Amino acid sequence: MIDFACTITLPFNHKTKSQFEIDVTEDYEGDKFHVVVYERHKGEEPAEHIDTQGFENMEAVYQYLKNLEKDAS
């Protein structure tokens, strides 16, 4: 069975001049869903690691992403 993995890029926020890149991996480092968040500021490389979280289900991941986007705006 192939585990789920994806990278999500939230749209550039003109207010904060930053963008989030989120890696979501299933069954990684002991977590059902492992989420790593990077923030990229306009004109800066590389993106800065700002958070790592483990979640038990995809609904919790979804709520985390919604809160991340809301807090950034």
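Which residues of the largest nonpolar core touch the most other members? I began there, keeping in mind that this is a predicted model.

**Entry 1. Core**

I looked up the largest nonpolar core and found 13 residues in it. Phe20, Ile22, Val35, Val37 and Val61 touch the most other members. I then asked which elements supply this core. E2, E3 and helix H1 (58-72) each give at least two residues. H1 has the largest share, with five residues.

I picked valine 35 from that group and listed its contacts, setting aside residues up to four places away in sequence. Valine 35 touches Ile22, Asp23 and Val24. Its list also holds Asp51, Thr52, Gln53 and Phe55. Val61 and Tyr64 complete the list. Two of these names, Phe55 and Tyr64, came up again in the next search.

**Entry 2. Aromatic rings**

I searched for aromatic pairs and the count came to one. The partners are phenylalanine 55 and tyrosine 64. Their ring centres are 5.3 Å apart, and the planes make an angle of 50°. I noted the pair as tilted.

Are the two residues buried or exposed? Phenylalanine 55 has 13% relative accessibility, so I entered it as buried. Tyrosine 64 is at 16%, so it is buried as well. The cut-off behind both entries is under 20%.

**Entry 3. Strands E3 and E4**

I turned to the pairing of E3 with E4. The two strands run in the antiparallel sense, over seven bridges. I checked one bridge by name: tyrosine 38 has histidine 49 in E4 as its partner. The strands form a hairpin, with six residues between them.

Next I went through the connection. Glycine 43, in the turn, has a positive phi of about 80°. Which peptide bond here is cis? I found that the bond joining glutamate 45 and proline 46 is cis, with omega about -10°. Proline 46 sits in the loop between strand E3 (31-41) and strand E4 (48-55).

**Entry 4. Salt bridges, arginine 40**

How many salt bridges does the whole structure hold? My search returned four. I started with arginine 40, which bridges to glutamate 21; the closest N and O atoms are 3.0 Å apart. Arginine 40 is in strand E3 and glutamate 21 in strand E2, so the pair ties together parts 19 residues apart in sequence.

I checked the accessibility of arginine 40 too. Its relative accessible area is 18%, so this charged partner is buried. I then followed the links further and reached Glu45. Glu21, Arg40 and Glu45 are linked in a network of salt bridges. Glu45 had already appeared in my notes, at the cis bond to proline 46.

**Entry 5. Salt bridges, lysine 32**

I moved to lysine 32. Its side chain meets that of glutamate 26 in a salt bridge, at 3.1 Å from N to O. The side chains of aspartate 27 and lysine 32 also meet in a salt bridge, at 3.8 Å. The first pair turned up in my polar contact search as well, at 3.1 Å between side chains.

How accessible are the partners? Glutamate 26 has 12% relative accessibility and counts as buried. Lysine 32, at 31%, counts as partly exposed. Aspartate 27, at 43%, is also entered as partly exposed.

I placed glutamate 26 in strand E2. I then listed its contacts, leaving aside neighbours within four places in sequence. They are Asp3, Phe4, Asp31, Lys32 and Phe33.

**Entry 6. Positive phi outside glycine**

I finished with backbone angles. Aspartate 27 has a phi near 55°, a positive value in a residue other than glycine. Aspartate 27 lies in strand E2 (residues 18-28). I had met aspartate 27 earlier, in the salt bridge with lysine 32.

Where does glutamate 29 lie? I found it in the loop between E2 and E3. Its phi is near 50°, again positive in a residue other than glycine. Glutamate 29 is at 59% relative accessibility, so I entered it as exposed; the cut-off for that word is over 50%.

Methods:
Residues are numbered from 1 along each chain as its sequence is written. This is a predicted model: local features need pLDDT of at least 70, side-chain atom pairs count only at pLDDT 80 or more; totals for chains, interfaces and linings use all residues. Side-chain values use heavy atoms; hydrogens and water are left out. Helices (H or I, at least four residues) and strands (E, at least two) are DSSP runs, numbered from the N terminus. Buried means under 20% relative accessible area, exposed over 50%, partly exposed in between (1.4 Å probe, protein chains only). A polar contact is a pair of N or O atoms within 3.5 Å; within protein, one must be able to donate a hydrogen and the other to accept it, and residues adjacent in sequence count only if both atoms are side-chain atoms. Contact means heavy atoms within 4.5 Å. Rings of Phe, Tyr and Trp (its six-membered ring) pair if their centres lie within 6.5 Å; planes under 30 degrees apart count as stacked, over 60 as edge-to-face and the rest as tilted. A nonpolar core is a set of buried Ala, Val, Leu, Ile, Met, Phe, Trp, Tyr and Cys residues joined through side-chain atoms within 4.5 Å. Two strands pair if DSSP finds at least two bridges between them.
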